[in-house]
Each structure stands twice: as structure tokens, then as C-alpha cells.
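Biologist: Got a minute to walk me through this one? Start with the fold, please.

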Amino acid sequence: MRILGISGSLRRDSYNTTLLRAAGERLPAGVELELWDGLKAVPPYDEGDDGSNAPAAVTALRDAVAGADAVLIATPEYNSSIPGQLKNALDWVSRPIATNPLRNKPAAVVG
């Protein structure tokens with residue numbers, strides 16, 4: 001089983017990235033955590049660039065989610081919500097609604 005870990009923080013010494021690494025060290029045999037570190041490269045969502053025109057960073061994110069059995073997101077709270085860059089990445093990966101790679105995929109959020 002492969003879990004994709006996404007940190008909602010861009011900070012180099014992020015507690016959330018550290019949390020994901022710690023979680024990965026404690027997984028049972030046969031379960032692997034892959035950290036996805038491309039959040040900073042994902043451009044602002046633009047429906048005109050979606051679909052076959054999606055930017056390379058978006059395609060990489062979608063492929064990583066599609067190839068995982070589950071997703072684990074570790075995120076800080078900014079202004080009573082998730083960071084904008086994480087929300088933006090989720091906007092990209094959750095479209096199109098009927099066929100996106102997150103659809104029916106187990107996911108969890110920690111912080």
C-alpha cells in the first residue's frame with residue numbers, strides 16, 4: 001500500500017512535513033509513505049488551463065494522487081482555514097468532479 005503525504009506548509013523546517021516523516025517511519029510493514037513536495041510549483045487555478053492544457057506541476061500532482069492508495073495531508077491552520085497554496089492544489093486535483101484522482105480515495109488530514 002502506498003500513501004501520498006502532502007504538507008500544506010511551504011516552510012523549509014515545517015512541523016507538518018516533520019509530522020508526515022514521523023508518520024512514515026511508524027507505518028506497518030508493506031505500507032509506504034511518499035512525500036510530495038511540489039506544492040510551491042502549482043500555479044493558481046485557472047479553468048482555461050485545466051484538462052489537457054494543465055501545467056506540468058498539476059499533472060505531476062494528479063499523477064501522484066492517482067498512483068497512491070490513500071492521501072495523508074498535514075497542514076497548519078492559517079486564518080481559521082487551510083493555507084491558500086494547499087487549497088489551490090486541492091482545487092486542481094479535485095477537478096473534473098466525476099473523474100478526478102481524489103474521487104473515492106481514502107484521505108485524512110492531520111496537524
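Modeller: Sure. The protein has three helices and four strands. Keep in mind that this is a predicted model.

Biologist: In what order do the elements run from the N terminus?

Modeller: They go β-α-β-α-β-α-β. The radius of gyration is 14 Å, close to the 13 Å that the globule rule gives for 111 residues, so the protein is as compact as a globular protein of that length.

Biologist: What box do the C-alpha atoms fill?

Modeller: Roughly 40 × 35 × 20 Å, along the principal axes.

Biologist: Switching to helices. At what angle do H2 and H3 pack?

Modeller: About 75°, with the axes 10 Å apart. H2 covers residues 56-66 and H3 covers residues 84-93. Angles of 65 to 115 degrees count as roughly perpendicular, so that is the label for H2 and H3.

Biologist: Which residues meet there?

Modeller: From H2, Val-58, Leu-61, Arg-62 and Val-65. Their partners in H3 are Ala-89, Trp-92 and Val-93. By class, that contact has six nonpolar residues, one charged and no polar.

Biologist: Now pockets. How much space is in the largest pocket?

Modeller: About 270 Å³. It is lined by 15 residues, and the closest to its centre are Ser-7, Ser-9, Thr-17, Trp-36 and Asp-37.

Biologist: Which elements give two or more residues to that lining?

Modeller: Strand S1 (2-7), helix H1 (15-25) and strand S2 (32-36).

Biologist: And how does the lining of the largest pocket split by class?

Modeller: Six nonpolar, four polar and five charged residues.

Conventions: Residues numbered from 1 in each chain as written. Predicted model: local features only at pLDDT ≥ 70, side-chain atom pairs only at ≥ 80, totals over all residues. Heavy atoms only, no water. Axes fitted to C-alpha atoms, helices over the stretch in contact; angles between N-to-C directions. Parallel < 35°, antiparallel > 145°, perpendicular 65-115°, else oblique. Contact = heavy atoms within 4.5 Å. Nonpolar A, V, L, I, M, F, W, Y, C, P; charged D, E, K, R; others polar. 1 Å grid on protein atoms, 1.4 Å probe; cavity = no way out; pocket = protein on both sides within 12 Å on 5 of 7 lines; lining within 4 Å. Points joined across faces, edges and corners; volume = space filled by probe spheres on them. Rg over C-alpha atoms; globule rule 2.2 N^0.38 Å.
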